[in-house]
Amino acid sequence: MSGPHWNRRDIRVLRKLYPHRPTREVAARCGHSVSSTYNMARRLGCKKSAAYLASPYACRLRRGDNVGAAYRFPKGNVPANKGLRRPGWHCGRMRETWFKKGCLNGAAQKNWVPISTEVLDDDGYLKRKVSDDRSKPARFNWRYVHVLLWEAAYGPVPRGYAIKFIDGDRRHVTLNNLCIVSRADLARLNSMWNRYPHELAAVIQLRGALVRQINRRLR
């Protein structure tokens, strides 16, 4: 629990006042926040008394008297702005300042590239822009070149499978350097126990355990 520590005196005051007085007043007497006071009262099992719940102080805690009814919109109420928004009507020069459909401005205009553009992503994979559909997130307009090459030769990649570079070179995008593997096999192939000598993999594992222990102590 964050905030000042609850000492015996605070708890004694809480037990005495919480059932009968507003929580904000109890919190001020105890020197704690309202939320901390609520949490401590719940931990101690303190509850508001029947007399308090029947008093005006209870406000929203009262049951059966609909204390908020006077502030609600009555059934069938007509909004004050009903009919003021008419199709084709615009205040002042509002229409002149709208973004036009299909327009590009700012960073979007600066970063735009034509279809068929190829770039390297952060992981070193070559990807190609295949569409310019602005109705969906930009990432859906790009496809990995090695996947496009595989699909052109063998059809769509089945669910649960991935295309792998045989020699591990992600820039060597040729059909004879690609193979299809299951996601499970790919995870095993990418395991550090298969990528590094056994002694080096063991050191990496021990270092990770050491870092976790240090972080746990620091927290």
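Let me start with His146. His146 sits in helix H6, residues 145-154. One caution before going on: this is a predicted model. Is His146 buried or exposed? His146 is buried, with a relative accessible area of 6%. The cut-off for buried is under 20%, so 6% falls inside that class. What does His146 touch, if we skip residues up to four places away in sequence? The list is Tyr125, Ile163, Phe165, Val173 and Leu178.

Keep some of those names in mind. They come back with the cores.

The largest nonpolar core has 10 residues. Here they are: Trp6, Val13, Leu14, Leu17, Tyr18, Val26, Cys30, Met40, Ala41 and Cys46. Which helices supply at least two residues of this core each? Helix H1, residues 8-17, helix H2, residues 23-30, and helix H3, residues 34-44. H1 gives the largest share, three residues. Apart from this core lies another one, of five residues. Among its members are Val147, Ile163, Phe165 and Leu178. Ile163, Phe165 and Leu178 are also on the contact list of His146.

Now the helix packing. Take H2 and H3 to begin with. Their axes are 9 Å apart, and the packing angle is about 95°. The range for roughly perpendicular is 65 to 115 degrees, so H2 and H3 belong there. Who makes the contact? On the H2 side, Thr23, Arg24, Val26 and Ala27. On the H3 side, Val34, Thr37 and Tyr38. By class, that contact of H2 with H3 has four nonpolar, two polar and one charged residues. Val26, in this contact, is also a member of the 10-residue core.

Next pair: H1 and H3. How do their axes cross? They cross at roughly 80° and come within 11 Å. H1 and H3 are therefore roughly perpendicular to each other. H1 brings Ile11, Leu14 and Arg15 to the contact. H3 brings Thr37, Met40, Ala41 and Leu44. The classes here are five nonpolar, one polar and one charged. Leu14, Met40 and Ala41 are core residues as well. And Thr37 of H3 also appears in the contact with H2.

On to charges. Side chains of opposite charge can pair when their charged atoms come close. How many salt bridges does the structure hold? Seven. I will show three.

One joins Asp10 and Arg9, with N to O at 3.3 Å. The two partners are not equally covered. Asp10 counts as buried, at 5% relative accessibility. Arg9 counts as partly exposed, at 40%.

Another links Glu25 with Arg21. Their closest N and O atoms are 3.0 Å apart. Glu25 is partly exposed, at 31% relative accessibility. Arg21 is partly exposed too, with a relative accessible area of 28%.

The third pairs Lys129 with Asp132, at 3.3 Å, N to O. Lys129 is buried, at 5% relative accessibility. Asp132 is partly exposed, at 28%. Which residues do shared partners join into one network here? Lys129, Asp132 and Arg134.

That network leads to Trp112. Where is Trp112? It lies in the loop between helix H5, residues 106-111, and strand E1, residues 118-120. Trp112 counts as partly exposed, at 39% relative accessibility. Leave aside neighbours within four places in sequence, and Trp112 is in contact with Leu104, Lys129, Asp132 and Arg134. Lys129, Asp132 and Arg134 are the residues of the salt-bridge network. Trp112 and Asp132 are 20 residues apart in sequence. In space, C-alpha to C-alpha, they are 9.5 Å apart.

Stay in that loop for one last residue. Ser116 also has its place between H5 and E1. Is Ser116 buried or exposed? At 52% relative accessibility, Ser116 counts as exposed. The cut-off for exposed is over 50%, so Ser116 passes it. Then the backbone. Most residues other than glycine have a negative phi. Phi of Ser116 is near 85°, a positive value in a residue other than glycine.

Conventions:
Residues numbered from 1 in each chain as written. Predicted model: local features only at pLDDT ≥ 70, side-chain atom pairs only at ≥ 80, totals over all residues. Heavy atoms only, no water. Salt bridge = Lys/Arg side-chain N within 4 Å of Asp/Glu carboxyl O. Buried < 20%, exposed > 50% of the residue type's maximum accessible area, 1.4 Å probe, protein only. Core = buried A, V, L, I, M, F, W, Y, C linked by side-chain atoms within 4.5 Å. Helix = DSSP H or I, 4+ residues; strand = E, 2+ residues; numbered from the N terminus. Axes fitted to C-alpha atoms, helices over the stretch in contact; angles between N-to-C directions. Parallel < 35°, antiparallel > 145°, perpendicular 65-115°, else oblique. Contact = heavy atoms within 4.5 Å. Nonpolar A, V, L, I, M, F, W, Y, C, P; charged D, E, K, R; others polar.
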